[in-house]
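Student: I would like a close look at a single part of this model, taken slowly. Please pick one residue, and then work outward from there to the rest.

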Amino acid sequence: MSAVSLLQVRELVKRFPLKGGMFKRGGGVVHAVDGVSFVVEAGETLGIVGESGCGKSTTARLLMHLIAPDDGRVLVEGREVGPSRARNEGGSPGGLTLNELRRTMQMVFQDSFASLNPRLTIETSIAFGPRVHGTPEREASARAQDLLRKVGLDPARFAGRYPHELSGGQRQRVNIARALALEPKIVILDEAVSALDKSVEAQVLNLLLDLKADFGLTYIFISHDLNVVQYVSDRVMVMYLGKIVEIGPVGRIYADAAHPYTRALLSAMPTMDPAHRTEAPPLAGDPPNPIDPPSGCRFRTRCPFAEEVCAAREPLLTATEDGHRVACHMAHAGSGHSKAAALAAAA
Amino acid sequence: MIAYLLKRLGLVIPIALAVSAVCFSLVYLAPGDPLSAIVPSDASRELIEQLKKEYGLDKPIPVQYAIWLGRAAQGDLGTSIATGRPVASEIGKAIGNTLVLAFAACLVGFTLGAVFGTIAGYFNGSWVDKAVSALSVAGVSVPHYWLGMVLVIVFSVILGWLPAMGAGEGGSGDWRWDGEHLKYIVLPAITLSVIPTGIITRTVRALVADILSKEFVTALVAKGLSQGAVFFHVVKNIAPTALAVMGVQLGYLMGGSILVETVFSWPGTGFLLNTAIFQRDIPLLQGTILVLAMFFVALNLIVDIVQTGLDPRIRRA
Amino acid sequence: MSAVTINGGGTPVDAPARTQGYWTGVGRRLRRDKVALACALVLLAIVLAAVFAPFVAPDDPTKGSILKRLMPIGTPGHLLGTDELGRDMLSRLIFGGRLSLTMGISPVFFALMLGSLLGIVAGFVGGRANTAIMRTVDVFFAFPSVLLAVAISGALGAGIANAMLALTIVFVPPLARVAESVTTQVRSLDYVEAARASGAGGWTIIRVHILGNVLGPIFVYATSLVSVSMILAAGLSFLGLGTKPPDPEWGLMLNTLRTAIYTQPWVAALPGVMIFFVSISFNLLSDGLRSAMDVQR
């Protein structure tokens with residue numbers, strides 16, 4: 001890659017301290033995001049999947065700098081996010097101020113109703129972002145109305161309405177318009193369609209795809225719905241307990257996932273295709289305690305292939321082939337796992 | 001559970017200290033010397049200085065506070081300027097009277113409130129409910145000192161059934177548990193009970209209506225449980241909260257009895273407070289406010305602990 | 001280009017282009033609430049009478065003649081009788097409204113300002129500042145309100161200003177608590193996060209997103225405090241800690257008329273009736289306001 005990736009995330013860490021509980025046992029820490037690194041190229045859609053509590057939403061908020069990371073860096077177009085002045089020292093391009101970040105990356109939230117201030121009209125809500133950044137009112141309003149049109153809501157009928165007068169699907173369209181008002185390059189969609197009825201969901205998804213083409217956007221699409229992720233994504237990233245377990249092109253992941261967790265998730269997908277009926281057993285065991293994750297590979301307590309090496313050493317996210325990376329001892333020759341030996345032999 | 005108790009007690013101490021500091025410093029809010037009330041205006045400088053030393057007013061304020069607090073912790077609240085008797089004993093006598101009154105009012109308030117509230121909750125939405133709601137709103141809107149006057153007008157002046165003032169014959173300050181004295185407590189207790197009745201009625205009504213509308217009650221009835229048994233379930237669920245509210249109300253009644261006690265010349269702490277204010281009896285004022293405030297803090301603490309103890313959700317944590 | 005206008009599922013298709021905001025909806029519901037409406041009218045009448053007292057009252061409230069003392073209700077020329085110094089009761093009640101209403105409403109108003117400021121800032125900033133502010137507020141919560149009002153007022157000395165100051169101090173803690181609680185709730189909502197994501201600064205977010213959604217509940221709570229404030233203010237005057245004679249004020253009048261209950265009981269009870277009416281009207285109005293604002297989404 002000669003060009004710099006649009007978004008680079010390096011070793012992001014976020015820990016949440018637990019307050020001292022009833023019995024003052026305090027000091028426990030939830031490792032919500034524990035060393036996450038990935039890149040996003042311009043124009044693609046990266047899907048992020050995982051169970052509740054795996055750290056997807058926290059990652060999104062860390063990217064947006066709505067919460068501060070404990071460690072790690074986020075670079076947009078090669079520029080690190082942070083107070084700009086200091087960065088120029090090392091000769092790297094000047095850092096990105098928060099303000100600039102806001103104009104580059106925006107987010108659409110899950111709860112369409114809670115995302116909109118019930119006291120403001122739709123137009124005011126959409127125009128808020130541009131106004132904050134200095135756009136004069138008339139221009140901001142015009143942009144808001146234009147965006148309403150682009151998301152399929154007639155401004156003449158909708159601009160003056162209030163959130164409670166719209167349906168869920170319409171509100172989500174408004175949220176999308178609001179995210180686009182600042183003309184970002186990247187849009188993070190955090191479970192943006194999860195709360196909608198299926199038919200509405202399909203419409204909004206198609207709208208998102210159209211908008212991406214029209215505006216040349218890059219998407220980060222977070223969802224627990226694997227079908228939807230398959231439909232929209234170019235690449236997919238699977239998270240488990242704060243770590244990435246697998247990341248690769250959507251076709252590769254869905255057809256032949258390498259990590260046992262991914263396979264288990266995919267096998268649980270409901271599907272109409274009789275050829276894809278699964279007889280594999282579901283995931284065994286309960287999701288472990290995020291405060292006290294298992295040693296070594298975090299998935300080993302539920303993995304049917306766990307061996308000693310899995311408890312001893314944590315598998316790192318390493319490449320298996322171009323664009324595909326997986327964090328599992330089975331996939332890497334020489335790791336000590338019995339299955340890995342077979343790989344080495346085959347190679 | 002023990003750990004929770006200790007933690008809770010630990011939290012109370014800073015509040016109690018802060019409260020005592022506020023009590024102490026109240027007296028210094030007024031412009032002018034605290035001493036000016038008792039000292040004749042033509043007193044010589046030496047006399048004033050001497051009095052200051054005697055009352056410890058020549059030391060800096062934080063030191064005075066520390067001394068006062070230290071003595072108070074040992075039960076010595078100083079000497080009343082007006083009567084010359086120890087403040088602690090004055091309060092001791094009065095607080096008994098107020099406790100009796102507050103308890104009586106609380107009992108009446110809780111009983112009536114629970115009954116009315118439960119009825120209203122069961123008949124949610126009907127005219128019974130509306131009537132009870134109207135009554136409880138009236139209960140919290142009525143100035144209770146005025147109500148006291150009205151009750152005196154009706155039952156004392158016009159009907160002559162009950163005495164208008166005092167805790168005993170001839171407006172005496174001693175109260176005993178006997179038939180003779182019982183009639184003196186009736187009007188003050190009823191007057192004081194109006195506000196807690198209103199509040200408890202509202203609370204109980206909301207709780208009962210809420211419980212009855214919950215699905216688990218429907219499930220119980222579907223299983224064939226009799227109405228009586230359901231009622232028992234309802235009571236079990238609302239008892240902790242209702243008791244907690246009553247406990248807090250008791251605290252308010254103790255602290256807020258001054259108005260009713262003034263109307264009926266009931267010899268309690270409220271009456272004492274009144275006297276202390278108008279005679280600018282500093283030690284008595286500080287001591288009374290301190291005792292009442294501490295009582296309120298202690299009561300809140302007890303209510304908190306009991307409620308937590310009764311709530312199985314927290315207990316098992 | 002995807003300019004297709006879809007309905008996105010299940011909308012009222014023929015809704016008007018510009019619809020009503022939140023407050024017009026509240027106003028509409030309030031107007032339909034007969035009880036609240038009646039209370040509002042009663043209050044309006046009393047307030048107007050107090051404001052225009054010199055024109056409405058038949059007599060001078062401070063002039064009286066001992067010869068005419070304690071005359072019963074219905075005496076010709078003195079519709080509601082006379083007080084212990086021979087002054088016309090009706091006039092005293094009307095003029096009394098000025099002081100009583102002022103002493104009742106002003107403390108709540110000032111406490112609303114101060115309490116909201118403290119609570120909103122504490123709720124928005126969170127963390128240690130929040131704890132510091134709220135713990136300080138909690139100290140005053142440790143006193144029963146009547147006791148605190150009497151203690152402060154007693155310490156400061158009698159007088160209208162002192163009584164109002166005492167009451168303001170009494171009402172700041174509950175208002176601050178409500179303000180903090182509501183602000184904390186609103187602050188965690190997605191639209192506030194979205195506003196932060198848009199790059200807005202703290203004060204902008206408070207101004208545009210928080211205030212509008214928080215002042216409503218705070219205001220409703222404040223209106224429910226007015227009735228308590230009126231009763232307490234009159235109570236302080238009743239104890240002799242508020243207004244001083246010969247100023248007409250309902251609580252003070254109850255005090256001076258106390259001995260009259262043996263001779264003219266119903267005249268003596270009149271000032272309390274006024275307090276009761278105003279108090280219950282405020283309470284019912286506040287309840288109505290709360291219901292009107294409780295929109296089911």
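Tutor: What follows starts at one residue of chain A, A:M107, and moves outward to the sheet, the domains and the other chains.

The model is a predicted one. A:M107 sits in strand β6 of chain A, which covers residues 105-108. Is this residue buried or exposed? A residue needs 20 or more other C-beta atoms within 10 Å of its own to count as buried. A:M107 has 27 C-beta neighbours inside 10 Å, and therefore counts as buried.

Leaving aside residues up to four places away in sequence, A:M107 touches A:A60, A:M64, A:A179, A:I188 and A:D190, and also C:A197 of chain C. Two of the elements around the residue can be named from this list. A:I188 and A:D190 fall in strand β7 of chain A, residues 186-190. A:A179 falls in helix α7 of chain A, residues 168-180. That helix lies across β6 and β7 of chain A and runs at about 170 degrees to β6(A). For a sense of distance along the chain, A:E80 is 27 residues from A:M107 in sequence, and their C-alpha atoms are 19 Å apart in space.

Next, the sheet. Strand β6(A) belongs to an open sheet of 8 strands in chain A, with mixed pairing and the order β6-β7-β8-β3-β9-β10-β12-β11. β6 and β11 (318-321) of chain A are its edge strands; each has a single partner strand, so one side of each has no neighbour in the sheet. From one strand to the next, the twist averages 25 degrees. Further in from β6(A), strands β7 and β8 (residues 218-222) of chain A pair in the parallel sense over 5 bridges. In that pair, A:V187 stands opposite A:Y219 of β8(A).

Chain A as a whole has 13 helices and 12 strands. Of its 347 residues, 47% count as buried. Among contacts in chain A with a separation of 6 or more, 62% join residues 24 or more positions apart. The chain is divided into domain 1 (7-239) and domain 2 (276-346). Between these two domains, 7 residues of domain 1 are in contact with 4 residues of domain 2. The domain 1 side of that contact has 3 nonpolar, 3 polar and 1 charged residues.

Chain B gives another view of the model. It has 13 helices and 0 strands, and 38% of its 317 residues count as buried. Residues 24 or more positions apart make up 73% of the contacts in chain B with a separation of 6 or more.

One helix pair in chain B can be followed in detail. The axes of α4(B), residues 87-122, and α9(B) come within 9 Å and cross at roughly 145 degrees. The crossing is right-handed. Residues making the contact include B:A102, B:C106 and B:F110 of α4(B), and B:M246, B:L250 and B:M254 of α9(B). By class the contact has 10 nonpolar, 3 polar and no charged residues.

Finally, chain C, which supplied one of the contacts of A:M107, also meets chain B: 36 residues of chain B are in contact with 34 residues of chain C. Several helices of chain B each supply at least two residues to this side, α9 (227-256) among them. The element giving the most is α6(B), with 7 residues. The chain B side divides into 30 nonpolar, 6 polar and no charged residues.

Terms used
Residues are numbered from 1 along each chain as its sequence is written. Chains are lettered from A and ligands numbered from 1 in the order in which they are written. This is a predicted model: local features need pLDDT of at least 70, side-chain atom pairs count only at pLDDT 80 or more; totals for chains, interfaces and linings use all residues. Helices (H or I, at least four residues) and strands (E, at least two) are DSSP runs, numbered from the N terminus. Ala, Val, Leu, Ile, Met, Phe, Trp, Tyr, Cys and Pro count as nonpolar, Asp, Glu, Lys and Arg as charged, and the others, Gly among them, as polar. Axes are lines fitted to C-alpha atoms, for helices over the stretch in contact, and angles run from 0 to 180 degrees between N-to-C directions. A crossing is left-handed if the near helix is turned anticlockwise from the far one by less than a right angle, and right-handed if clockwise. A residue is buried if 20 or more other C-beta atoms lie within 10 Å of its own, exposed if 12 or fewer, and partly exposed in between; C-beta atoms are placed from the backbone. Domain bounds come from an automatic or database domain assignment. Two strands pair if DSSP finds at least two bridges between them.
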